[in-house]
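Subject: Structure handover and notes

Hello,

Here is the structure I promised to pass on to you. Please open it next to this email, and then read on for what turned up in it.

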Amino acid sequence: MSNRFSRTQLLFGADAMEALARARVVVFGIGGVGGYCAEALARSGVGAIDLVDHDVVSPTNVNRQIVALESTIGKSKAHVMAERIADINPSCRVTAHTCFYLPDTADEIDLGQFDYVVDAVDNVTAKLLLAQRAHDAGTPIISSMGTANKLDPTALEVADINDTSICPLAKIIRKECRKRGISHLKVVYSREPAVQPSAEAQAAYLGSVGESTPDKFGRAGVPASNAFVPPSAGLLLASEVVNDLIAAASA
């Protein structure tokens, strides 16, 4: 009898689908990368998904984030994604956490309860904390590096953090992981050099939203993005998670 995952089962097999249905995955960051990852996990049959994001949808998210629609502006990203997943697969046990994962909130979420951790946040402190906590808990983790100011989705790669190059964020994470004794970290990153918007374009953007250079976060410019690089990174994250969960179950 056909069901919502029949076409997937043709590729993976019944045992793999049962393994995915038993799995619990947490996705940190439900933005341009994490939103597409969470949706792909749900459409792949993962049985339990936790979503962690403190932010709400803004108009500037509409160009790239799957949760961002005119009807969702101002709503919690985690809750909007939870509603989408419930509509994709009502059997999926989905939990939304509206918090910012930092040292003072990290104890609220025990990474040891998950089968896989997805890091799709854009905060260095949070990324390193997730890497450390997952390492200590023995929970597999995959981390997204920078996707802003990129144009070429085919430049994205899956690699160990020690084998990355070009990406400035990966360089920082690689150095800090070594300091923390984290010898391996699976990542999705891009070898494409960042494209820098012109100063005129940055000034025009900041002026349009009532800010100046540097902006209220102290940034000299706002990261530019598009509808195809962050989603591609999110789908790569999801594919690695699904394949790793299947492999672990059959080992």
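Below are my notes, starting with the sheet and moving on to helices and single residues.

One thing to keep in mind is that this is a predicted model.

**The sheet**

Let me begin with the strands. Seven of them form an open sheet with mixed pairing, and the order across it is β3-β2-β1-β4-β5-β7-β6. The edges are taken by β3 (93–97) and β6 (156–160); each has a single partner strand, so one side of each is left without a neighbour in the sheet. From one strand to the next, the twist averages 15°.

Strand β2 (residues 48–52) is a good place to look at the pairing. With β3 it pairs in the parallel sense over five bridges, and L51 has A96 of β3 as its bridge partner. With β1 the pairing is again parallel and again runs over five bridges; here R24 is matched with A48 of β2.

How enclosed is β2 by the rest of the structure? Largely, because five of its five residues are buried. Both faces are covered: A48, D50 and V52 are buried on one side, and I49 and L51 on the other.

**Helices α5 and α6**

Helix α5 (residues 124–137) has 14 residues, which at 1.5 Å a residue should span 20 Å; the end C-alpha atoms are 20 Å apart, so the two agree. At the N-terminal end, N123 acts as a cap, with a side-chain oxygen 3.0 Å from the backbone nitrogen of T125. Just past the other end of the run, G138 has a positive phi of about 75°.

The buried residues of α5 are A126, K127, L128, L129, L130, A131, Q132 and A134. Their cover includes the strands β1 (24–28), β4 (116–119) and β5 (141–144), together with helix α6 (168–179).

For α6 the same length check works out: 12 residues should span 16 Å at 1.5 Å a residue, and the end C-alpha atoms are 17 Å apart, which agrees. Buried in α6 are A170, I173, R174, E176 and C177, and the buried residues of this helix pack against α5. After α6 comes G181, with a positive phi near 75°.

**Helices α2 and α8**

At what angle do the axes of α2 and α8 cross? Helix α2 (residues 14–22) and helix α8 (residues 229–250) cross at roughly 110°, with their axes coming within 9 Å. That makes α2 roughly perpendicular to α8. The contact involves A16, A19 and L20 from α2, which meet V242, L245, I246 and A249 from α8.

**Two backbone angles to look at**

Most residues other than glycine have a negative phi. N149 has a positive one, near 60°, and sits in the loop between β5 and β6. I166 is not a glycine either, yet its phi is positive at about 75°; this residue belongs to the loop between β6 and α6.

Are these two residues buried or exposed? N149 is buried, with a relative accessible area of 15%, while I166 is partly exposed, with a relative accessible area of 45%.

**Two buried residues and their contacts**

E39 lies in helix α3 (residues 34–43). Its relative accessible area is 7%, so E39 counts as buried under the 20% cut-off. Setting aside residues up to four places away in sequence, E39 touches I66, M81, R84 and I88.

L111 is found in the loop between β3 and β4, and this loop residue is buried, with a relative accessible area of 3%. Which residues is L111 in contact with, leaving aside its neighbours within four places in sequence? They are F28, Y101, V117, L130, R133, A134, A137 and T139. Of these, L130 and A134 also appear among the buried residues of α5. F5 is 106 residues from L111 in sequence, and the C-alpha atoms of the two are 28 Å apart in space.

That is everything from my side for now.

Best wishes

Definitions and conventions
Residues numbered from 1 in each chain as written. Predicted model: local features only at pLDDT ≥ 70, side-chain atom pairs only at ≥ 80, totals over all residues. Heavy atoms only, no water. Pairing = 2+ DSSP bridges. Helix = DSSP H or I, 4+ residues; strand = E, 2+ residues; numbered from the N terminus. Axes fitted to C-alpha atoms, helices over the stretch in contact; angles between N-to-C directions. Expected span 1.5 Å × (residues − 1). Buried < 20%, exposed > 50% of the residue type's maximum accessible area, 1.4 Å probe, protein only. Contact = heavy atoms within 4.5 Å. Polar contact = N/O pair within 3.5 Å; in protein donor to acceptor, adjacent residues only side chain to side chain. Parallel < 35°, antiparallel > 145°, perpendicular 65-115°, else oblique.
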